[in-house]
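These are my notebook entries from a first look through one structure, set down in the sequence in which I looked things up.

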Amino acid sequence: LVYSITKGNDLTKLDIFDKKNEFMYSYKMSEYYASSLCISPNGKRCTVAGVSTNGGKLVSCIYILDFSEEKPVNTFKFDENIIFDIKYLSSDVIACCGDLESYIINLKSGEVISTYSYFGKNLSDYAIDSKGGILLSWSASADGKDKAISDTILVIENLKSNDVTIELYFY
């Protein structure tokens with residue numbers, strides 16, 4: 001699948017095309033600017049993160065779009081956290097990284113199953129592995145260069161039971 005994101009009067013317009021470059025799906029985000037997009041492993045839906053403001057405060061929204069539905073099947077809103085990356089960990093679970101927190105979301109249940117706060121520090125690096133892991137690294141300094149006061153956490157989600165998390169801390 002190929003996608004196109006254009007910005008204009010509708011803030012963001014998303015168009016999806018199949019591998020023959022034939023149009024499949026379109027959605028207009030009228031309240032948010034798209035910041036990240038990922039397509040599900042089965043190619044039947046996508047997840048889009050968008051950012052906007054409300055009352056002078058930043059707001060992110062994650063749209064779950066099914067290509068057979070006109071409207072989002074679900075949305076998740078996060079106040080004052082800019083979601084800048086999303087990846088599917090399975091067909092029903094996504095990982096989202098933001099500037100203040102990261103999340104694991106179960107799309108089937110519609111729940112945020114894990115929230116990882118940065119404890120007031122600055123995210124200096126991250127990686128999302130589609131096989132079920134998130135690597136987060138943060139620092140007390142805004143540029144992330146102060147290694148003496150940085151932390152790293154490796155989070156591995158058990159996607160089969162959703163109730164086991166292994167956290168390894170490196171200092």
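Entry one, aromatic pairs. I looked for pairs of aromatic rings in this predicted model, counting two rings as a pair if their centres lie within 6.5 Å, and by this rule the count came to six aromatic pairs. I then followed the links and noted that ring pairs join Tyr 27, Tyr 32 and Tyr 63 into a cluster.

Entry two, nonpolar cores. I asked myself which residues have the most contacts inside the largest nonpolar core. That core has 15 residues, and the ones I wrote down as having the most contacts inside it are Leu 14, Met 29, Cys 46, Val 48, Tyr 63 and Leu 65. I checked where the core comes from along the chain, and found that β2 (12–17), β3 (23–29), β4 (33–39), β5 (45–54) and β6 (57–66) each supply at least two of its residues, with the largest share, four residues, coming from β6. Apart from this core I noted another, of 14 residues, which includes Cys 38, Phe 76, Ile 86 and Leu 107. As background I added that in soluble globular proteins nonpolar side chains tend to be buried together.

Entry three, strand β9. I went on to ask how many residues of β9, which spans residues 93–98, are buried. The strand is mostly covered, with six of its six residues buried, and the cover extends to both faces, since I found Val 93, Ala 95 and Cys 97 buried on one side and Ile 94, Cys 96 and Gly 98 buried on the other.

Entry four, the partners of β9. Looking first towards β8 (residues 83–90), I found six bridges joining it to β9, with the two strands running antiparallel, and I noted Cys 96 of β9 as the bridge partner of Ile 86. These two strands form a hairpin with two residues between them. Looking next towards β10 (residues 101–106), I found five bridges to β9, again in an antiparallel arrangement, and here Ile 104 of β10 is the bridge partner of Ala 95. β9 and β10 also form a hairpin, with two residues between them.

Entry five, the whole protein. I closed with the overall values, and recorded zero helices and 15 strands. Buried residues make up 39% of the 171 residues. Among contacts between residues at least 6 apart in sequence, 29% join residues at least 24 apart. The accessible surface comes to about 9400 Å², of which 48% belongs to carbon and sulfur atoms.

How values were computed: Residues numbered from 1 in each chain as written. Predicted model: local features only at pLDDT ≥ 70, side-chain atom pairs only at ≥ 80, totals over all residues. Heavy atoms only, no water. Phe/Tyr/Trp six-rings, centres within 6.5 Å; stacked < 30°, edge-to-face > 60°. Core = buried A, V, L, I, M, F, W, Y, C linked by side-chain atoms within 4.5 Å. Buried < 20%, exposed > 50% of the residue type's maximum accessible area, 1.4 Å probe, protein only. Pairing = 2+ DSSP bridges. Contact = heavy atoms within 4.5 Å. Areas by Shrake-Rupley, 256 points an atom, 1.4 Å probe, with all protein chains shown as cover.
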